[in-house]
Amino acid sequence: MPFEQRFWARVNMTDGCWIWRDPRPDGYGTIVANGKWLLAHRVAYEHIVGAVPDGYELDHLCRNLACVRP
C-alpha cells in the first residue's frame with residue numbers, strides 16, 4: 001500500500017480533531033517510512049501545509065497529542 005494511503009487509513013477525521021488510531025503510550029501517533037519512525041502530526045502538517053520552518057515547533061492547540069490536524 002502506498003505511504004499516503006497507509007497514513008490516511010490510520011486517521012479518524014471528525015469535525016474537530018483528526019485522531020491518529022492507536023497512538024503510542026505517550027499519546028503521539030507514529031508511522032514508519034523508509035525504515036524511519038516519523039511523528040504523524042508532522043507528516044500531516046508537511047503534506048497539507050508544507051515544510052516546518054527551521055526553528056519552529058508544531059503545537060497541538062487542541063491539546064490532544066493524537067490529533068494530526070494542522
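Nine residues make up the largest nonpolar core here: F7, V11, W18, W20, I31, A40, V43, A44 and V68. Keep in mind that this is a predicted model. Besides that core, there are four aromatic pairs and three salt bridges to look at.

**The core**

- Two elements, β2 (18-20) and α2 (40-48), each give the core at least two residues.
- Helix α2 has the largest share, with three residues.
- V68 is a good place to start browsing: leaving aside residues up to four places away in sequence, V68 touches V11, W18, W20, A40, H41 and A44.
- As general background, nonpolar side chains in soluble globular proteins tend to be buried together.

**Aromatic rings**

- A search of the whole structure turns up four aromatic pairs.
- One of them joins F3 and F7, with ring centres 6.2 Å apart and planes at 35 degrees, so this pair is tilted.
- F3 and F7 both sit in helix α1 (residues 3-8), four residues apart, which puts about one helical turn between them.
- The two ends of that pair sit in unlike surroundings: F3 is partly exposed at 30% relative accessibility, while F7 is buried, with a relative accessible area of 2%.
- F7 also pairs with W20, again in a tilted arrangement, at 5.0 Å centre to centre and 45 degrees between the planes.
- That second pair ties together distant parts of the chain, since F7 belongs to helix α1 and W20 to strand β2, 13 residues apart.
- Both F7 and W20 are buried, and both are on the list for the largest nonpolar core.
- Step back and you'll see a cluster: ring pairs link F3, F7, W8, W18 and W20.

**Salt bridges**

- The count comes to three salt bridges.
- D26 and R24 meet through their side chains at 2.6 Å, N to O. D26 is partly exposed, with a relative accessible area of 40%, and R24 is partly exposed too, at 34%.
- R42 and E46 form another salt bridge, at 3.8 Å from N to O. Both lie in helix α2, four residues apart, or about one turn of the helix. Here too the partners are partly exposed, R42 with a relative accessible area of 30% and E46 with 39%.
- D59 and R63 bridge at 3.3 Å, N to O, and both of these residues are exposed.

How values were computed. Residues are numbered from 1 along each chain as its sequence is written. This is a predicted model: local features need pLDDT of at least 70, side-chain atom pairs count only at pLDDT 80 or more; totals for chains, interfaces and linings use all residues. Side-chain values use heavy atoms; hydrogens and water are left out. A nonpolar core is a set of buried Ala, Val, Leu, Ile, Met, Phe, Trp, Tyr and Cys residues joined through side-chain atoms within 4.5 Å. Buried means under 20% relative accessible area, exposed over 50%, partly exposed in between (1.4 Å probe, protein chains only). Contact means heavy atoms within 4.5 Å. A salt bridge is a side-chain nitrogen of Lys or Arg within 4 Å of a carboxyl oxygen of Asp or Glu. Rings of Phe, Tyr and Trp (its six-membered ring) pair if their centres lie within 6.5 Å; planes under 30 degrees apart count as stacked, over 60 as edge-to-face and the rest as tilted.
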